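Dear colleague,

I am handing over the structure we spoke about, and I would be glad if you could look through it with the notes below at hand.

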Amino acid sequence: ITYGDSEINTLDRIYESYELSYVPAGYEQIFGLDNAMVNKKEWRNDAGEHVIFTQTVLDSVFTFEEGERESFEYRGCEIFFCRCDSCYVYIWNDGKYFVSIDSSVDLGTNELFAIIDGIRGTEL
């Protein structure tokens, strides 16, 4: 997945750090990285299941080599979905950044949309 619109000036770094205001019940944050190029957070529950949120600049490239692939639209963004053995990845761009949610379990649309709706930005 790339962002190839030559009309858009891609940002050279992250200027607005995104945070999740909603994470499914039972998950606790175990990892966080926030720098000029990537903002990544990971949560795990007692069963070892994970949810990973990532924000990167638009000049990043993502490749899905295996698994079921499809796309759908939500709130004006095309969201690409890939399912592998025990990995559910949702990725999209909001015109400024690539955003992804990676889960080891099927979140279902209610939980996924609650996570997406809960994304908040903080200017750096």
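What follows is a short account of the aromatic rings, a charged group and the cysteines.

Please keep in mind throughout that this is a predicted model.

Aromatic rings

The structure holds six aromatic pairs, and two of them are described here. In one, the ring centres of tyrosine 18 and tyrosine 97 are 5.5 Å apart and the planes stand at 85 degrees, which is over 60 degrees, so the pair counts as edge-to-face. This pair joins distant parts of the chain, since tyrosine 18 belongs to strand 1 (residues 16-20) and tyrosine 97 to strand 8 (residues 97-103), with their positions 79 residues apart in the sequence. Tyrosine 18 is buried, having a relative accessible area of 6%, and tyrosine 97 is buried as well, with a value of 1%.

The other pair is formed by phenylalanine 72 and tyrosine 90, whose ring centres are 6.5 Å apart and whose planes are at 75 degrees, so that this pair, too, is edge-to-face. Because phenylalanine 72 lies in strand 5 (residues 68-74) and tyrosine 90 in strand 7 (residues 87-93), the pair ties together parts that are 18 residues apart in sequence. As to exposure, phenylalanine 72 is partly exposed, with a relative accessible area of 24%, whereas tyrosine 90 is buried at 7%. Both residues also belong to one aromatic cluster, which is made up of Phe72, Tyr74, Phe81, Tyr88, Tyr90 and Phe113.

A charge over a ring

Tyrosine 15 has a charged neighbour: the charged end of arginine 13 sits over the ring of tyrosine 15, at 4.9 Å from the ring centre.

Cysteines

How many disulfides does a search of the whole structure find? The search finds zero. For cysteine 84, the nearest cysteine sulfur is that of cysteine 82, 3.9 Å away; a disulfide requires the two sulfur atoms to be within 2.5 Å, so cysteine 84 is in no disulfide. Cysteine 84 is partly exposed, with a relative accessible area of 30%. Cysteine 87 is likewise in no disulfide, and the cysteine sulfur nearest to cysteine 87 is that of cysteine 84, at 5.6 Å. The relative accessible area of cysteine 87 is 21%, and this residue is therefore partly exposed, as the range for that term begins where buried, under 20%, ends.

With kind regards

Methods:
Residues are numbered from 1 along each chain as its sequence is written. This is a predicted model: local features need pLDDT of at least 70, side-chain atom pairs count only at pLDDT 80 or more; totals for chains, interfaces and linings use all residues. Side-chain values use heavy atoms; hydrogens and water are left out. Rings of Phe, Tyr and Trp (its six-membered ring) pair if their centres lie within 6.5 Å; planes under 30 degrees apart count as stacked, over 60 as edge-to-face and the rest as tilted. Helices (H or I, at least four residues) and strands (E, at least two) are DSSP runs, numbered from the N terminus. Buried means under 20% relative accessible area, exposed over 50%, partly exposed in between (1.4 Å probe, protein chains only). A charge sits over a ring if NZ of Lys or CZ of Arg is within 6 Å of the ring centre and within 35 degrees of the ring normal.
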